[in-house]
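Trainee: Could we take a close look at one part of this model together? I would like to follow it slowly.

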Amino acid sequence: MQNNDYPTPLPNDATLEATEKFNVVAHDLPKVDGEGLVLGRPAYTDDLVPPNALYVKLVRSPHAFARILSIDPTDALALPGVVCVLTWKDVPRIPITRAGQGNPEPSPHDRFILDEYVRYVGDEVAVVAAETEALAEKAAGLVKVEYQKLKPVLDFEHALDNPIVIHPEPGIHEMFPIGFEPKRNIAAAYHMEIGDVEQELAASPVKVETTVHTQAQQHVALEPHTAFSYIDLQGRLVIVTSTQNPWHTRRLLGLAFQMPLRQIRIVKPRIGGGFGGKQHIHVEPYVAMVTMKTGRPARLALTRREVFEATFTRHEMRVKVRLGANPDGKLRAIDMQVLSNTGAYGEHALTTFMVAGSKTLPLYNKVSAVRFGGHVVYTNKVSAGAFRGYGAIQGLTGLEAAMDELAHKVGIDPVELRRNNMLHEGETSEVFRIMGEGTEGVAMNIESCKLEECIARGKELIGWDFTQLVREVAPGVLRAKGMAIAMQGSGIPLIDMGSARIELQDGGFFKLHVGATDLGTGSDTILAQIAAEELGVDMADIVVYSSDTDHTPFDVGAYASSTTYVSGSAVLKAARSLKAKLIEAVAEKFGVAPKDIVYTQKTFMTADGTKSLSLNDFSYDTLYHDGEKMKTIEATESFSGSKSPPPYLAAFVEIEIDTETGKVNVVHYVAVADVGTPINPNLAKVQIEGGLLQGIGLALYEDVRYSEAGHMLSHNMMTYPIPSREDVGRITVELVDSYEPSGPFGAKSAGEIGIDTPPAAIANAIRNATGVRLTEYPFTPERVLAALKAAKTQHT
Amino acid sequence: MNITLRINGKLESIECLPGEMLTEVLRRAGHFEVKKGCDTGNCGACTVLVDGKPVLSCSYLAVRAEGKEVTTIQGLADEAKKFAAFLTAEGADQCGFCAPGFALTVLAMKDEFSSIPDEAQIRHYLAGNLCRCSGYEGQIRAIKKYLEAQHAE
């Protein structure tokens, strides 16, 4: 949209209280790798490929469901320069999951690296390696594959108990009970109930029922999935890859190829975006196969079309919410029933589904009864996987639509309805204890929740007036406001673990090694900020290296909004522990007790001021001068959260809707968030701004479309456009002062919370504008117009 | 076949296939600052300047560059560093994959406009440079501050 009618520029944020308290943390420092990336220095996987690498291309299925009868590589192999063609007969038949998750994985092991069956258009059939990319591509086209076509299941509404069974094969299994019933096309199922929902609904004077259908969405990280592999001097397999989770990748490859994990090293260089899309093994197994077969380095970079057709999407979900309330709007019962489409394989099937409830239902914690349940079903579409928001965005879209319907029904300002029913600081929700990610949850008291402040500030920024939520700006053109609130988590409690090692170097600086995975979010920077703050040094004194299974300590990876909270806590613990060791060593040198050492301004002093030693001088002493006392001073610490404190966000949107064309534009999107102490306010804000735009994309434009035979129609950036700079009027993000006692320097997560609200807030604004509740996403002009027309017909 | 062109001021003769796009040829010649994002001329990550004008090198046949002057972000490194300071100050660099192509387009815009473009002009000029991380707001803040600073110089 070309919108020149921008609201007046807003004043800068009030300075956060936290900025005053800290020296490095809560400051807007530039990303450590920023300038290098802008200048385009070689940094991403495909910039670092060894010169003699083989190029790998994959033969992919042209059918949505088929059995491979034969594969004939003769013509491909006859091309000079083609080195090998590998098929399902070349890999051990071990069921795995491609989902990078904890061990044991909550995803079913229902997938083989290569299989005799193909279950979606784009499923991997064979691996071709050649001396050049052009040759590999040509050879892939010459591999003759004979298929027995099978009738696919494409509509997830008809997948359950369909006579066509997508996974009839023996050997596939769940790792622990997740409701896996492949004979019924069920990848996972779950049910929970607190209180008696039916009874409470029956007793509620006001009832509301809303069903929304959120579509699959593509991540569209600008860097396509890429990996290369080689055998190192010690005969070990090294894979350099654009992954969000090096350790899970190593573990899954070890399982798939029946290799000891000690034989594998995974290195993550810079990544060009992830959003959950790189939390899986999509390319690594295939380069590994070629390198193991040929002994030569091998490189595979997916084309954009392959990223669309054959990596993962967001889970399509149908979310039905029923609310029971009193006439004053007091909420009594919530029932959320969900059907989720996992596509051909069950990666993240159970967990994304559970998060639809576990990270939304606690928002309204004062109900007497709450229920959540449903199924995750298989279809012959590309698999769904992890994607920022991870079920919460789908669940919230249903819940916040129902909340607004309730507000309309009882005639209360939707803001007040939420304020009267929502979670507050010091409270809890039974849902936290009952629902985890694939397992039971963890009981948690909310120690930081500034939703009230977020709402108050958001109202101010958008100019919320309940009596005037809609106005006509031109004939048939309406401007209307809507809102929604959201929560997320900060890592998966008792499952996610991160570690950090910090070591003093000569010159008085520190090496910080973390397993945590920076996918462009700036985690290397914020983790260095945490270390610098605690060690009382400048950012420049911390040299950070991350994500290498040989050289950095363990970390589960970057997902579930975990890095700041989980990995950040590990860094803080390591820095504290190192500081204590430094003080102890200096105390011994000075012949005083550690408690008599004061450390400030990079200098150690005795409390009486008689002796002092700079950190720089001490670093040389301990490494070069102190004879038999010489030692490396380092500390390694780990952190695993016993809770997952949610960040919160209040969103207010002003949209413009043209009732003649059905076009909806976002004029202004206001989001005020409580992320605890933002370790780097700018980076936290940009995370939220980026999440909002991705959520707006889901609400209005982005759709994964298929032909009737199951071919993806939206397989490039022309047919699947992502929002450009001109598509949205203005986005305003502010952070409120908040401090999470369990987080590093008071921090919670910021990575996912931004994406959650747009589909709900925009739908609510359209409802306020037109009286029509749109439930089919995305809200394309065609759909909006059809819904408006249908409502008109019904009315007359 | 071979093509002869100037890359960042240096005369080079490089090999290419008849149907090959400029992105491939530049990357093979070691210009990793030219990124491959979408293969269809939509994302702008592959932007280079040909005779001073931004083009999408993934949709520009390499043979067309014969005898031309091709500039990547590395060819304007000093100016790019100035802009990078503003971009990183806003935290809007994020994953950085779009950054070289995007920054190059910002520098081209600066040279094309005689006065400071307004926000709508900035958004329009850069509409072909997509970013999936930042939501664009921080980038817009950075561009405005950069242009104002350059204008003041």
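How many residues of domain 1 of chain A are in contact with residues of domain 3 of chain A, and how many residues of domain 3 are in contact with domain 1?

Mentor: Please keep in mind that this is a predicted model. To place the two partners, begin with the domain assignment of chain A, which gives domain 1 as residues 46-150 + 241-285, domain 2 as 312-492 + 643-795, and domain 3 as 497-639. The centres of domain 1 and domain 3 of chain A, taken over C-alpha atoms, are separated by 40 Å, and where these domains touch, 19 residues of domain 1 are in contact with 14 residues of domain 3. On the side of domain 1 of chain A that touches domain 3 of chain A, helix 6 (246-257) and strand 11 (264-267) of chain A each supply at least two residues, and helix 6 of chain A gives the most to this side, with four residues. Sorted by class, the residues on this side of domain 1 of chain A divide into five nonpolar, 10 polar and four charged.

For a second kind of contact, turn to helix 10 (residues 392-410) and helix 11 (residues 414-421) of chain A, whose axes come within 9 Å and cross at roughly 110°. Because angles of 65 to 115 degrees count as roughly perpendicular, helix 10 and helix 11 of chain A are therefore roughly perpendicular to each other, and their crossing is right-handed. In this contact, A:Met403, A:Asp404, A:Leu406 and A:Ala407 of helix 10 meet A:Pro414, A:Leu417 and A:Arg418 of helix 11, which by class makes five nonpolar, no polar and two charged residues.

Technical notes. Residues are numbered from 1 along each chain as its sequence is written. Chains are lettered from A and ligands numbered from 1 in the order in which they are written. This is a predicted model: local features need pLDDT of at least 70, side-chain atom pairs count only at pLDDT 80 or more; totals for chains, interfaces and linings use all residues. Axes are lines fitted to C-alpha atoms, for helices over the stretch in contact, and angles run from 0 to 180 degrees between N-to-C directions. Angles under 35 degrees count as roughly parallel, over 145 as roughly antiparallel, 65 to 115 as roughly perpendicular and the rest as oblique. A crossing is left-handed if the near helix is turned anticlockwise from the far one by less than a right angle, and right-handed if clockwise. Two residues are in contact if their C-beta atoms, placed from the backbone, lie within 7 Å. Ala, Val, Leu, Ile, Met, Phe, Trp, Tyr, Cys and Pro count as nonpolar, Asp, Glu, Lys and Arg as charged, and the others, Gly among them, as polar. Domain bounds come from an automatic or database domain assignment.
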